[in-house]
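Let's go through this model together, asking at each step what a given description rests on. Have the sequence and the 3D view at hand.

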Amino acid sequence: MNQSARTDVRTRPEGCEQPLSVVYDTALLDLDGVVYAGGAAIPHAVESLERARAGGMHLAYVTNNAARTPETVAGHLTELGIPASPEDVINSAQAVARLIADELPAGSRVLLIGTEGLRVALRERGLVPVESVDDDPVAVAQGYGGPEMPWSRLMEASYAVARGLPWFASNTDLTIPTGRGIAPGNGSAVEVVKIATGREPRVAGKPQPPMHRETVLRTGAERPLVVGDRLDTDIEGAYAGGVDSLLVLTGVTTAAQVLAARPEHRATYVAEDLRGLLEGQPEVSVSGGEFRCGGWTASVVDGEFVLDGDGAAVDGLRALCGAAWAEGGDGSCGVDGGKVLARLGW
């Protein structure tokens, strides 16, 4: 595994002659928005993962969601038709628990703001979860509390953080995809405590190094591929860790956001869904400022996208990525892609 951060600027998605499931030994798969949404499997996920595993690819599930234990997540995946064991699941609760345990002695009391997943992870590292600032905690651990988390838990966190206790957050994803749409994530709850206290937490989850470290320790992957739906966690985390990535458009990221991506948010490969694991990736070639992929040619002329050709819509998006990322350079492309994306049906 290449653990050195990348410093290059990607100007187009890469091609790959063989299926990704053959080239890479381990898929580090995000869950929400990639494998399932709102508890239900995303179309094509079950059969795609079954075929990838049957072909010899190791599947590991790496999620910023700290609410559920690995046992619960593995059980849910198995019920969906994706056989998994607890050892296949790496979450931000495990990463933040290791981060805290590296700094505090065993037996330290930690104020738990979250659910059973975070509680189990803290105990696994020899820490003692407590429920109140009156229980004399020496640190605060905050993770996603689920839709039923009462406001009083955020108040309890604020009391402790305001007293100066070290504050650790499992992740800061502002949103999560659900079966009914996009909902507030743990990052939104963290923002509430930040506003109340004026302080910043230490963050363990993607794209931060503690999560990458936890994944390396638990999977032992040699040729990993990060598979995710979020630019600011999955893709940025892969970029920071020097690992190739596949962005799937089944979660929170829109095609317009892909075109506007900054260098650290530009995926190695782009696909509609997890079927992309089973396929080679077409080359995006460039000549005279025109980017070609499949039957499409894209460029930026006089501050506007020009898209010609036909074929698979995702190939058109890949060609547009080339034009947009080259135009954006080491920043973000500001060209409006609404018209050309509408033509592709995105």
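Q: Where is the place of histidine 44?
A: Since this is a predicted model, read every value here as computed from it. Histidine 44 sits in the loop between β3 (40-41) and α2 (45-54).

Q: What makes the phi of histidine 44 stand out?
A: Its phi is near 75°, a positive value in a residue other than glycine.

Q: Why is histidine 44 called partly exposed?
A: Its relative accessible area is 28%. Buried means under 20% and exposed means over 50%, so histidine 44, at 28%, counts as partly exposed.

Q: Why is aspartate 136 called exposed?
A: Aspartate 136 has a relative accessible area of 59%. The cut-off for exposed is over 50%, so aspartate 136 is exposed. This residue lies in the loop between β7 and β8, and it has a positive phi of about 60° although it is not a glycine.

Q: What is proline 86, buried, partly exposed or exposed, and how do you know?
A: The relative accessible area of proline 86 is 26%. That value falls between the 20% and 50% limits, so proline 86 is partly exposed. Proline 86 belongs to the loop between α3 (70-79) and β5.

Q: Which residues is proline 86 in contact with, leaving aside its neighbours within four places in sequence?
A: They are Pro70, Glu71 and Ala74. The C-alpha atoms of proline 86 and alanine 74 are separated by 5.4 Å, with the two residues 12 apart along the chain.

Q: Why is α6 called oblique to α7?
A: The axes of α6 (residues 151-162) and α7 (residues 186-197) cross at roughly 45°. Roughly parallel needs an angle under 35 degrees, and roughly perpendicular runs from 65 to 115. An angle of roughly 45° fits neither, so α6 is oblique to α7. The axes come within 9 Å, and the crossing of α6 past α7 is right-handed.

Q: What makes the contact of α6 with α7, by class?
A: There are nine nonpolar, two polar and no charged residues. From α6 come Trp151, Leu154, Ala157, Ser158, Val161 and Ala162, while α7 brings Ala189, Val192, Val193, Ala196 and Thr197. Ser158 and Thr197 are among these residues, and neither name is on the nonpolar or the charged list, so both count as polar.

Q: How do α4 and α5 pack, and what is the class make-up of their contact?
A: Helix α4 (residues 92-101) and helix α5 (residues 116-124) pack at an angle of about 35°, with axes 8 Å apart. Their crossing is right-handed. Ala93, Gln94, Val96, Ala97 and Ile100 of α4 meet Gly117, Leu118, Ala121, Leu122 and Glu124 of α5. By class this gives seven nonpolar, two polar and one charged residues. Gly counts as polar and Glu as charged, so Gly117 is one of the polar residues and Glu124 is the charged one.

Q: Why are β7 and β12 said to stand at the edges?
A: The open sheet of five strands has the order β7-β6-β8-β9-β12, with parallel pairing. β7 (128-130) and β12 (202-203) each have a single partner strand, so one side of each is left without a neighbour in the sheet.

Q: How do you know that β6 and β7 pair?
A: Pairing needs at least two bridges. Three bridges join β6 (residues 109-113) to β7, so the two strands pair, and they run parallel. Valine 110 stands opposite proline 129 in β7.

Q: Which strands does α4 touch on this sheet?
A: Helix α4 touches β6, β8 (139-142), β9 (167-169) and β12, and its direction makes about 155° with that of β9.

Q: How do you know that β17 and β18 pair, and what is special about glycine 294?
A: Three bridges join β17 (residues 290-293) to β18 (residues 296-301). At least two are needed, so these strands pair, and they run antiparallel. Arginine 292 stands opposite threonine 297. The hairpin has two residues between the strands, and glycine 294 takes a positive phi near 60° there.

Terms used
Residues are numbered from 1 along each chain as its sequence is written. This is a predicted model: local features need pLDDT of at least 70, side-chain atom pairs count only at pLDDT 80 or more; totals for chains, interfaces and linings use all residues. Side-chain values use heavy atoms; hydrogens and water are left out. Axes are lines fitted to C-alpha atoms, for helices over the stretch in contact, and angles run from 0 to 180 degrees between N-to-C directions. Helices (H or I, at least four residues) and strands (E, at least two) are DSSP runs, numbered from the N terminus. Angles under 35 degrees count as roughly parallel, over 145 as roughly antiparallel, 65 to 115 as roughly perpendicular and the rest as oblique. A crossing is left-handed if the near helix is turned anticlockwise from the far one by less than a right angle, and right-handed if clockwise. Contact means heavy atoms within 4.5 Å. Buried means under 20% relative accessible area, exposed over 50%, partly exposed in between (1.4 Å probe, protein chains only).
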